[in-house]
Every structure is written in structure tokens, then in C-alpha cells.
Amino acid sequence: MVRLLKDESLAASWQRFFEENYKPGIETVAIEYPEKRSLYVDYWDIDRADPKLTEMLINQPYKAVFNAEEALKNVDVAAENKLKLHFRVVNIPDTNKIIIRKIRANHLGTFVAVEGLVKKRTEVRPKLQVGAFQCHKCGAVIRIEQEEDILKEPSECYEDQGGCGRVSSFKLLTNLSEFIDSQKIEIQENPEGLRGGAQPERISVYLEDDLVGEISPGDRIVANGMLRSMQRRRGQFRLTSFDKAMDAVSIESQEMAFEEVEVSEEDEKEILKMSKDPDIYTKMRESIAPTIYGMDVEKEALILQLFGGLAKEMPDGTRIRGDIHTLFVGDPGTAKSQMLAYMSKLAPRSIYASGKASTAAGLTAAAVRDDFGEGQWTLEAGALVLADMGVACIDEIDKMDEKDRSSLHQAMEQQEISIAKAGINATLKTRCAVLAAANPKLGRFDEFLPMHEQINMPPALISRFDLIFSILDKPNRARDTDLATHILRTHKAGEISENIIKSKMSKRTKKERDKLMEIVMPTFDPEFLRKYIAYAKRNIYPVMTDEALELIKSYYVDFRNSSEDTVTFTPRQLEAFVRLAEASAKLRLSQEVTVEDAKRSIGIIEQYLTRVGMDRETDKFDIDIITTGISHTQQSRMRSIIDIIQKLCDASEDGNADRNDIIREAEIDGVESGKVEDAVDRLRRNGQIYEPSHGKYRLSNM
Ligand code: ADP
Ligand code: MG
């Protein structure tokens with residue numbers, strides 16, 4: 001930090017301010033000194049007491065802060081105990097808050113507040129504050145206060161420090177020097193402020209002493225401090241262009257996502273009124289992406305995803321997630337991407353990312369070594385960390401990296417991600433709902449093939465989703481007509497609107513436009529929807545009624561036992577029922593989860609299971625199709641084929657089972673030859689049997 005010369009009268013003004021306003025504050029810090037060594041001061045306290053000081057702070061911050069810290073040493077409590085306190089001002093007025101992309105040359109050297117999302121942080125490293133240099137000629141030790149990034153050496157062996165006064169060369173003695181902890185973080189603009197598709201801009205922020213180590217990637221913060229320029233270098237050359245950076249004076253963190261949405265008393269009245277509307281579910285659903293035709297069940301699920309279930313902390317320390325994860329799988333051109341883009345704009349703190357991650361951090365987080373860390377390791381946040389407390393919309397999730405595949409499980413289920421690599425040891429929070437879309441490997445979705453054979457995702461990961469919707473694009477005259485009408489009318493409404501606004505010769509009327517626009521007008525505008533959801537998230541914590549609990553329980557038990565040889569649900573689905581039912585209660589602002597909510601949740605899950613979890617041979621739900629990719633029926637068939645192979649091997653002279661014999665034996669047991677061949681191929685592919693010579697098989701463990 002650049003230190004400027006002391007200004008006696010300025011220091012005196014600060015001292016007066018501290019003595020009159022912050023004596024108790026300083027005493028409190030003194031008790032815990034040196035563990036605590038920062039005095040936090042409200043900007044408005046200073047402004048009220050002496051507006052000249054705040055003016056100075058804004059325009060000449062280095063000088064103001066330096067003198068404030070000097071003055072702090074002289075306040076009696078501090079002087080008696082020889083305290084060296086940091087002056088950390090917070091609550092900077094909005095007029096001095098700037099958006100990262102709007103930082104200009106005239107802001108350099110001033111004090112500003114910058115809001116953003118922490119994308120990266122380096123390791124904490126010591127930084128030289130006072131260097132002790134030994135003179136090669138006389139051996140005297142000269143101390144030099146370091147003010148900038150570049151090491152400053154003595155220009156001569158200063159006599160006033162007991163040196164010989166000659167020009168000399170020096171050796172830095174690290175054990176006699178003073179160091180301070182320092183850390184560099186990178187913050188990027190909040191995605192809410194971004195226009196669709198724009199890349200967020202970033203700024204480096206330097207933290208010192210007790211500010212280090214407190215901040216993690218994914219945190220939403222306000223960094224208050226001085227903007228400065230950093231000269232760029234190319235090799236040994238210094239360039240005339242500069243990078244912008246901030247020396248932080250204080251950091252304020254913003255915890256809750258929906259806290260950021262302000263709900264006035266008037267809003268509250270409107271919200272309470274709407275919550276009593278018997279059509280509230282339909283109205284909410286119709287407010288989601290109205291330009292997208294149909295997809296009613298999906299939209300209903302998405303609105304429930306926004307409300308979410310309840311995260312629960314258990315006495316044993318475990319945490320059960322409340323967030324609902326949804327996956328869309330389907331044919332190309334079925335508005336999956338469009339839906340994700342819409343949701344990412346609607347939900348606060350959401351991030352839209354592609355599985356084909358563009359950054360090293362990918363979807364979760366990574367320790368990387370890049371320019372930012374200047375040779376050191378940097379911890380960088382990926383999409384799920386950045387979307388903490390929001391929604392992570394991940395398009396083309398099937399195209400994600402190998403390393404994301406393994407870390408995504410933990411991030412989705414435990415909602416945190418641990419990184420241990422090269423001195424970086426961190427756990428980052430990923431408390432977000434995931435909304436993902438995947439395209440089938442073969443171009444089109446085949447409802448008769450198991451899910452995991454069609455999308456490039458491991459079944460274990462697929463099963464982490466509470467809801468999986470397959471979206472098929474099959475010709476259907478009635479639906480096609482409606483869809484075409486909807487899309488064409490949307491376009492025409494847009495044309496008329498453009499025509500009215502942009503063309504001087506327009507003969508179109510607003511009435512004509514409004515009539516067409518009707519179908520694409522959301523019942524509730526996004527702003528109101530956000531307020532409504534924020535209100536529900538803050539105030540509504542519904543509890544399951546006994547009736548609702550019974551209903552879900554009996555549905556689950558009945559379903560699991562409806563047929564002997566298929567496994568229909570796993571406990572994972574049971575949790576999905578609960579989350580959806582809780583979300584449904586929150587939507588009505590109900591403090592109770594009722595039978596109605598339980599039924600809604602069952603309805604949605606049934607819908608998705610009919611589409612993706614059906615065993616096409618038996619026409620029954622089978623969760624194994626989703627979790628393992630093989631239906632229960634297929635599994636038991638494969639077991640019986642193994643038995644047959646075993647028997648044939650034992651009976652034969654060469655110890656092999658012949659393909660034709662296997663088929664014949666299985667047919668006697670009533671299995672069609674096609675299915676036997678399919679099972680034999682599967683067994684061979686997954687390594688349970690092998691083929692020592694053509695058409696001959698053996699069990700692998702023999
Ligand atoms: P996907 O990601 O599923 O491949 P996109 O989201 O890119 O598909 O959609 C392709 C185009 O088709 C978009 O312009 C979208 O608006 C349009 N479209 C597809 N289905 C619908 C629908 N049901 N209603 C309105 N528009 C649709
Ligand atoms: Mg797409």
C-alpha cells in the first residue's frame with residue numbers, strides 16, 4: 001500500500017473523530033488484541049461528524065487511511081496498550097458503488113465500493129512490509145519500509161540508521177524483516193446485472209493482514225477500497241497500459257440470495273392476496289417462459305424448483321438438502337436451452353453454464369496455476385459454487401469434463417465440494433438447485449433404450465436428479481398445429497411491436513399488438529414472481545401433516561411392492577416426494593404440507609417415471625432403468641443365463657458353453673432367442689463372461 005506523508009492537521013481531525021465517536025469500539029477491540037486488530041467504522045458516522053473527512057476519504061483515500069491509522073495509535077486506550085489498529089470503513093454510500101465494467105481512468109486513486117462474486121483466490125502468502133538490509137561494506141542493518149509491489153532497497157547505507165554512509169550493495173535478511181499476510185482475490189460482476197450472454201468483467205483485489213483467509217470462491221461480497229492501476233509488463237518491458245486493481249480496506253459479505261430482493265409492505269399485501277387465489281398453481285406455471293409452448297408438467301416442476309424444499313440440519317450434524325435437481329433429456333430443438341436461459345434470468349443468484357466448460361474450474365471448482373496467481377496456486381470457483389444459494393443452469397451437461405463427472409456427485413448431494421491440492425485445502429459450498437439439459441448421443445431420444453445408453457452420463461450421476469424429464473419431438477398433427485400457431489403468433493406479435501417502435505410509417509395499432517401479445521404475457525411478471533418467492537423462502541417453513549405423511553408413505557410402499565420382480569422406487573425418490581411436497585406448500589404460503597401437496601408431488605413424479613422409468617417389456621415403472629440402466633427384468637434374465645452357461649460349461653468336455661446351446665436351453669425356460677442374444681452380449685460387454693473362441697463362452701470368475 002502506498003503510504004503518503006503524514007498530515008498533522010488531518011491526523012488531528014481523525015483523532016478527534018475517534019475520541020468522540022469510537023472510544024467504546026476501540027476498547028472492545030483492545031480486549032481481544034492482537035487476535036482482533038481492526039476497527040470497523042461506519043461511513044455515515046464519519047460523514048455526520050465531519051464531512052470533510054469523508055470527502056478526503058473518497059478523493060485521497062491513501063492519505064486519509066494512513067492518517068486515520070496514525071491517529072488511531074494516539075487515542076488513549078490504544079496509546080496505553082501500544083495498539084496498531086487497522087481502520088476499516090464499511091457501509092459506503094451507493095453513489096460510490098461502481099459496477100466493475102464501468103470503472104474508468106478517473107476512478108483510479110479514489111475510494112469505491114465494488115459488488116461482486118468471488119471467482120478466485122490465491123494462497124495466503126507473506127509479503128515484505130519492512131525489509132532489513134545488510135550492507136556488504138560495513139555490515140550495518142538498514143530498515144526500509146516497503147510501499148509498493150516492487151522491492152525497494154536502500155540507495156545508500158544510511159548514516160542516520162548507524163550505517164557507513166557509502167553507496168553499497170545489500171543483502172536482504174528475512175529473519176530480521178517484517179512480513180504481513182497477503183492474499184489476492186478476483187471478483188466478477190454479479191450475473192444479475194449482466195445483459196444476456198455478456199462475459200462478466202473482473203477485477204483483482206489485494207487483501208492484507210486480518211482480511212486474508214476469510215473469503216472463499218463463490219462468496220458474494222462488497223469490497224471497499226482504493227482503486228489503483230497496475231502497470232502491465234511484457235517480459236522486462238513496462239508498458240503504458242495498466243490493469244485495474246483494488247487495495248481493500250474492508251470486505252462486507254452478503255449472505256442470503258433472496259434477501260437481496262426487497263419486498264415492500266404493498267408487495268406483501270399483494271403476495272398474501274395472490275396466495276389465496278385457487279388458481280395460483282396455474283398462474284405461477286403460466287408465468288414461466290410464456291413464449292415456450294406446452295411443457296406444462298415441466299413448468300410446474302420448475303416453479304416448484306424455485307421455491308425448493310426445506311434444507312434440514314440434523315442433530316448428528318448431517319444436512320439434508322432441500323434443493324430440487326431437475327434434468328431435461330431430449331430431442332434437439334425442443335426448447336431445452338431456451339428454458340434454461342429463461343430460468344437463469346428469473347432466479348436470483350443463478351448461473352448459466354455449459355457442460356463444455358470454458359474455464360479450468362469447470363462445473364465445480366479447481367486448484368489452478370495461472371497468470372493470476374503469479375506462479376502460485378489459485379482456487380477457482382466453477383458454476384455450482386458461483387450459484388451457491390441460487391440455481392445452476394447447466395446446458396449440455398452430457399459434454400462435461402471427466403473430472404467434473406467425479407466431483408459433481410458430491411456437489412449435488414452434499415452440496416459442498418472439497419479441494420485438496422498443492423497446499424490448497426478448502427471446502428466450498430454448492431447449496432444450489434441444479435437444472436440441467438442433455439442431448440441424446442445418437443441425435444434423437446429413443447424411449448425404448450435405457451437412459452444411460454443414450455446420454456453420455458454415468459447412471460449414478462443421473463440418479464442424483466429428483467426429476468428427469470424426457471422431451472420428445474414426435475409428429476402429432478394436433479400438437480404441431482398448436483405449437484406452430486403459438487410460435488408464429490409470437491413472432492408476429494414481435495414484428496408488429498418492432499414495426500410500431502422503429503418504423504416512422506407504421507400503420508399498426510397498439511391494440512392489434514396487445515391482442516397478439518396476450519398469449520405470451522406472463523400472468524405474474526418476473527419481478528413480482530421473484531418477490532413472491534423471496535417472501536416464501538424467508539417466511540414459510542411448512543411441516544408435514546400426518547395425512548400427507550401417510551399418503552406418501554403408502555404410495556411409496558404400495559408402489560415398491562406392486563410387483564414382485566421390479567424395483568420401482570428407492571429411498572432417493574422418497575426424498576424427492578418430500579421436497580416437491582414442501583415446495584408445493586411454500587407456493588401457497590402454507591405452514592403445513594397437506595394431502596393436496598403430497599398429491600401434487602406424486603403427480604409430478606408419476607409423470608416423469610411414466611416417461612423415463614418404464615420397463616417397456618412389462619409396462620411397469622422400474623427405477624433400475626434409471627439408476628443402473630438395466631431393468632430389473634433384464635437383470636434377473638441375465639442371472640438365469642449365467643446359470644445356464646455355468647451348467648453347460650460343467651457338462652461340456654472343453655469347459656465352454658456353445659452359443660446355440662445357451663439359446664436352446666433358455667428357450668426351454670421360455671425366453672425368446674432375441675432376448676437371450678441381447679443378454680449374452682450384455683454379459684460379455686460388462687465382463688461377466690468372455691469368449692475364448694468364436695461362439696463359445698465361459699464365466700469370467702472360473
Ligand atoms: P434445444 O436446446 O432443446 O436443442 P433450443 O432451446 O435451442 O432447443 O430451441 C430451438 C428453437 O426452437 C428455439 O428458438 C425455440 O424457441 C424453438 N422452440 C422449440 N420448442 C418450442 C416450444 N415448445 N415453444 C416455443 N418455441 C419452441
Ligand atoms: Mg440446446
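Mentor: Let's begin with a cut-off: a residue is buried if its relative accessible area is under 20%, and exposed if that area is over 50%. Keep in mind that we're looking at a predicted model.

Trainee: Okay, why is Leu173 called buried?

Mentor: Its relative accessible area is 14%. The limit is under 20%, so Leu173 makes the cut. You'll find Leu173 in the loop between strand 7 (170-172) and strand 8.

Trainee: Which residues does Leu173 touch, leaving out those up to four places away in sequence?

Mentor: Ala132, Gln134 and Val141. On the other hand, Leu173 and Ser275 are 102 residues apart along the chain, and their C-alpha atoms are separated by 70 Å.

Trainee: And what makes Asp597 count as buried?

Mentor: Asp597 has 0% relative accessibility. Since buried means under 20%, Asp597 qualifies. Its place is in helix 20 (residues 595-612). Leaving aside neighbours within four places in sequence, Asp597 is in contact with Tyr281, Ala581, Ser584, Ala585, Arg588 and Glu592.

Trainee: How do you know that those count as contacts of Asp597?

Mentor: The rule is heavy atoms within 4.5 Å, so a residue on that list has to meet it.

Trainee: Zooming out, how much of the protein chain is buried?

Mentor: Of its 702 residues, 50% count as buried. The chain has 24 helices and 29 strands, and its C-alpha atoms fill a box of roughly 105 × 80 × 60 Å along the principal axes. As for contacts between residues at least 6 apart in sequence, 68% join residues at least 24 apart.

Trainee: What makes strand 14 (residues 326-330) "mostly covered"?

Mentor: Count the buried residues: 5 of its 5. Thr326, Phe328 and Gly330 point one way, Leu327 and Val329 the other way, and all are buried. That back-and-forth is a familiar pattern: in a regular strand the side chains alternate between the two faces of the sheet.

Trainee: Why do we say that strand 14 and strand 21 pair?

Mentor: Pairing takes at least two bridges, and 4 bridges join strand 14 to strand 21, so they pair. They run parallel, and Val329 stands opposite Ala438 in strand 21. Strand 14 is also joined to strand 22 (residues 467-471), by 5 bridges and again in parallel. There, Thr326 has Leu467 as its bridge partner.

Trainee: How many residues of strand 9 (residues 202-208) are buried?

Mentor: 6 of its 7, and that strand is described as mostly covered too. Strand 9 pairs with strand 8 (residues 178-188) in the antiparallel sense over 7 bridges. One spot to look at is Glu186, which stands opposite Ser204 in strand 9.

Trainee: Now the sheet with strands 27, 28 and 29: why are strand 27 and strand 28 called edge strands?

Mentor: It's an open sheet of 3 strands in the order 27-29-28, with antiparallel pairing. Strand 27 (657-658) and strand 28 (689-693) each pair on one side only, and that earns them the name. Helix 24 (residues 673-685) packs on the sheet, touching strand 28 and strand 29, and its direction makes about 95 degrees with that of strand 28.

Trainee: What shows that strand 28 and strand 29 (residues 696-699) pair?

Mentor: They share 3 bridges in the antiparallel sense. The rule asks for at least two, so they count as paired. Tyr690 stands opposite Arg698 in strand 29.

Trainee: Which residues of helix 4 (residues 51-59) are buried?

Mentor: Leu53, Thr54, Met56, Leu57 and Ile58. They pack against several elements, including helix 1 (8-21), helix 5 (61-74) and strand 4 (111-122).

Trainee: And what covers the buried residues of helix 12 (residues 402-413)?

Mentor: The cover includes helix 11 (383-386), strand 19 (416-421), strand 21 (433-438), helix 14 (459-462) and helix 19 (571-587). Among the buried residues of helix 12 are Asp404, Arg405 and Leu408. Just after helix 12, Gln415 takes a positive phi of about 60 degrees.

Conventions
Residues numbered from 1 in each chain as written. Chains lettered and ligands numbered in written order. Heavy atoms only, no water. Axes fitted to C-alpha atoms, helices over the stretch in contact; angles between N-to-C directions. Buried < 20%, exposed > 50% of the residue type's maximum accessible area, 1.4 Å probe, protein only.
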